[in-house]
Amino acid sequence: MTASPTSSDLPVFGFVAPSGSGKTTLLRHLVAALQARGLRVGYLKHAHHSFDLDRPGKDSYEIRAAGAAQTLLASRERWALQVENDRKGEDPDLDAMLARFERDRLDLVLVEGFKHARYPKIEVYRAALGQAPLYPDDPEIIALATDDPPPVFPHPPVLPLTGIVELVDFVISAARTPVTAAPAG
């Protein structure tokens, strides 16, 4: 299996691109397709802004706002642990976030974002956004998901953005074998 940033027992693949490129939509389809093939998928999203899982006026929100360093919300359906970041204004560390997963309950983790971290990534590229691709400057990008011609050569393997079966096959194959970031060209 492919080495993740923290361990060799759980494959980790990132999806990187500018905002508005369709990463989340693609990941929603990919997670459903991987789950349909029997894989247990974890998901980690890097948010560039503050967020809350709770609402003002709710007990857990008010207790956290009063200074609780960790708040666990639990129900019959799910639970969520909110931990206050000790380093306000500093991006979270990918390895530290991946270490929070219950690894024995997952087959792989898909990450949205953390584009500057060193780990295997798939770039979602849309020429219509008018932004330069990331892959020429990032050897960790192992594939390009796009329906446009790659704008820079050499380039990593190209997967059709609308071809979820090809993407699923690529991720499953990469999870079973070491990923190399050598351009396919």
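L73 in β3 sits in a strand pair: its bridge partner in β4 is A80. Helices (H or I, at least four residues) and strands (E, at least two) are DSSP runs here, numbered from the N terminus, and two strands count as paired if DSSP finds at least two bridges between them. Heads-up on the source: this is a predicted model, so local features need pLDDT of at least 70 and side-chain atom pairs count only at pLDDT 80 or more, while totals for chains, interfaces and linings use all residues. Residues are numbered from 1 along each chain as its sequence is written, and side-chain values use heavy atoms, with hydrogens and water left out.

**The chain overall**

- The protein chain has 4 helices and 8 strands, in the sequence pattern β-α-β-α-β-β-α-β-β-β-β-α.
- Of the 185 residues in the protein chain, 35% are buried; buried means under 20% relative accessible area, exposed means over 50%, and partly exposed is in between (1.4 Å probe, protein chains only).
- Take the contacts (heavy atoms within 4.5 Å) in the protein chain with a separation of 6 or more: residues 24 or more positions apart account for 56% of them.
- The protein chain exposes about 11100 Å², with carbon and sulfur atoms supplying 52% of it; the areas come from the Shrake-Rupley method with a 1.4 Å probe, and for residues only the protein chains shown count as cover.

**Sheet and hairpin**

- Strands of a sheet pair through backbone hydrogen bonds, either parallel or antiparallel.
- An open sheet of 6 strands runs in the order β2-β5-β1-β6-β7-β8, with parallel pairing. Its edge strands are β2 and β8 (158–159), each pairing on one side only.
- At the β2 edge, 5 bridges join β2 to β5 (residues 108–112) in parallel, and Y43 stands opposite L110 in β5.
- At the β8 edge, β7 (residues 141–145) and β8 pair in the parallel sense over 2 bridges, with A145 opposite L159.
- Side chains along β2 alternate: G42 and L44 point to one face and are buried, while V41, Y43 and K45 point to the other and are not.
- β3 (residues 70–74) and β4 run antiparallel, joined by 5 bridges, and they form a hairpin with 4 residues between them.
- L53, in the loop between β2 and α2 (59–65), is in contact with A80 and Q82, leaving aside neighbours within four places in sequence. L53 and L73 are 20 residues apart in sequence and 9.1 Å apart in space, C-alpha to C-alpha.

**Pocket and cavity**

- The working terms: on a 1 Å grid over the protein atoms alone, a cavity is a set of points where a 1.4 Å probe fits but cannot get out, and a pocket is an open set with protein on both sides within 12 Å along at least five of seven lines; lining residues have an atom within 4 Å of a point.
- Grid points are joined across faces, edges and corners, and a volume is the space filled by probe spheres set on the points.
- The largest pocket has a volume of about 2200 Å³. It is lined by 39 residues, of which L44, F51, L81, V83 and M97 are the closest to its centre.
- β2 (41–45), β4 (79–83) and α3 (94–98) each supply at least two residues of that lining, and β4 gives the largest share with 5 residues.
- By class, the largest pocket's lining has 16 nonpolar, 9 polar and 14 charged residues. Ala, Val, Leu, Ile, Met, Phe, Trp, Tyr, Cys and Pro count as nonpolar, Asp, Glu, Lys and Arg as charged, and the others, Gly among them, as polar.
- A search of the whole structure turns up 1 cavity of 30 Å³ or more; the largest cavity has a volume of about 40 Å³.
- Residues lining the largest cavity include P18, Y125, L129 and P133, and by class the lining has 6 nonpolar, 1 polar and 2 charged residues.
- P133 lies in the loop between β6 (121–124) and β7 and is buried, with a relative accessible area of 13%. Not counting residues up to four places away in sequence, P133 touches E123, Y125, P151 and V152.

**Backbone oddities**

- Most residues other than glycine have a negative phi, and most peptide bonds are trans.
- F114, in the loop between β5 and β6, has a positive phi near 55 degrees and is buried at a relative accessible area of 9%.
- The peptide bond from F153 to P154 is cis, with omega near -5 degrees; P154 is in the loop between β7 and β8.
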